[in-house]
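Biologist: Before I rely on any of the words used for this protein, I would like to hear what each of them rests on. Could you take me through them?

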Amino acid sequence: MKMVIVTGMSGAGKSSALRLFEDMGYYCMDNIPPRLINNFLDLTRSASKPMNRIALGVDIRGGAFFEDLQSTVEALKKEKDLDVTTLFLTASDETLVRRYKELRRPHPMDKAGNIFDGIQREKNFLEHLLQSSDVVIDTTDKTLGELKEQIDLLFLPQGEKPALLISVMSFGYKHGIVLDADLVFDVRFVNNPFYIPELRHQTGLEEPLRDYVMQFPETERFLAKTLDLLSFLIPLYIREGKRTLTIALGCTGGRHRSVVMAEILAQRLGERYPGVSVSHRDRRYWKDSAQKGGAR
């Protein structure tokens, strides 16, 4: 079992680091007293589904319990079935002061309303832990994406890459835009199949309608150019730490053109990247719109 003890200076990014570990498939728990780590391990070992990766946040918020961390880690490292790494996060005094002022929260070791004094007390208290930690990361000048890249490099098994979950979605503008979309493409430039009587009541999932939409040269050019753009953007999104990407394609009612293009774009993206899914947000309107003859 791989275990990472995430600790360090308050305000240095431990909570952000734990979220990154969670995205990597680690079971995470924050602010656990060191004395309870062994009890927690007993629970994981008796679980019906084995846990192979665990990340635990332990810091000064534990108060008197925190003093047990050093001896607890030393004991854990002697267990044969555990691979234990201590990750210590730190940052410059100026950076920590700025972060606390932005959050408008008191420092846990601030006794008299002075953040800087609290940082100095914590730094002195953690000096021995800093020196004995396996990995130290200074987050002073790091973006979240840069922190993610370093943690991935250090803690992901060799050859394993973090997945970017890509969701391709069709929608209809008459039902409102997709609020959580990262990228939105308007595909109403293609001739509307609604005005073809034999296609009006079909959907973009049916072959005759798909053939109609794909017969236009501009449709294929749009898909090719969009795929080219995404091939440029997706590696950059991954580098910056993005975990999910929602791509929305819209036509008038979300029944014809956008459905065809969403299906084809998802298929082509899936040939290049893992974790691609396709959905049709306004599918619930298809039956009603066919009965009422609403424009698509």
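**What the words rest on**

Modeller: Let us begin with helix α9, which is mostly covered, 10 of its 14 residues being buried; please keep in mind throughout that this is a predicted model.

Biologist: What makes a residue of α9 count as buried, and which residues are they?

Modeller: The word applies to a residue under 20% relative accessible area, and in α9 those that meet it are R257, S258, V259, V260, M261, A262, I264, L265, A266 and L269. Across the whole protein, 46% of the 296 residues count as buried.

Biologist: How do you know what length to expect of α9, which covers residues 257–270?

Modeller: The expected span is 1.5 Å times one less than the number of residues, and for the 14 residues of α9 the expected value is 20 Å; the helix reaches 20 Å from its first C-alpha to its last, which is close to that expectation.

Biologist: Why are β7 and β9 called edge strands?

Modeller: Four strands form an open sheet in the order β7-β8-β6-β9, with parallel pairing. Because β7 (183–186) and β9 (276–280) each have a single partner strand, one side of each is left without a neighbour in the sheet. From one strand to the next, the twist of this sheet averages 20 degrees.

Biologist: How do you know that β6 and β9 are paired?

Modeller: Pairing requires at least two bridges between the strands, and β6 (residues 165–172) shares five with β9 in the parallel sense, so the requirement is met. In one of these places, I166 has V276 of β9 as its bridge partner. Helix α8 (residues 217–239) packs on this sheet, touching β6, β7 and β8 (244–251), and its direction makes about 175 degrees with that of β7.

Biologist: What makes β2 and β3 a pair in the sheet of five strands?

Modeller: That open sheet has the order β2-β3-β1-β4-β5 and parallel pairing, and its edge strands, β2 (27–29) and β5 (135–138), each pair on one side only. Three bridges join β2 to β3 (residues 53–57), so the requirement of at least two is met here as well. C28 stands opposite A55 in β3.

Biologist: Why is the protein called more spread out than a compact globule?

Modeller: The protein has 10 helices and nine strands. Its radius of gyration is 26 Å, well over the 19 Å that the globule rule gives for 296 residues, and therefore the protein is described as more spread out than a compact globule.

Conventions: Residues are numbered from 1 along each chain as its sequence is written. This is a predicted model: local features need pLDDT of at least 70, side-chain atom pairs count only at pLDDT 80 or more; totals for chains, interfaces and linings use all residues. Side-chain values use heavy atoms; hydrogens and water are left out. Buried means under 20% relative accessible area, exposed over 50%, partly exposed in between (1.4 Å probe, protein chains only). Axes are lines fitted to C-alpha atoms, for helices over the stretch in contact, and angles run from 0 to 180 degrees between N-to-C directions. Contact means heavy atoms within 4.5 Å. The radius of gyration is taken over C-alpha atoms; the globule rule is 2.2 Å times the number of residues to the power 0.38.
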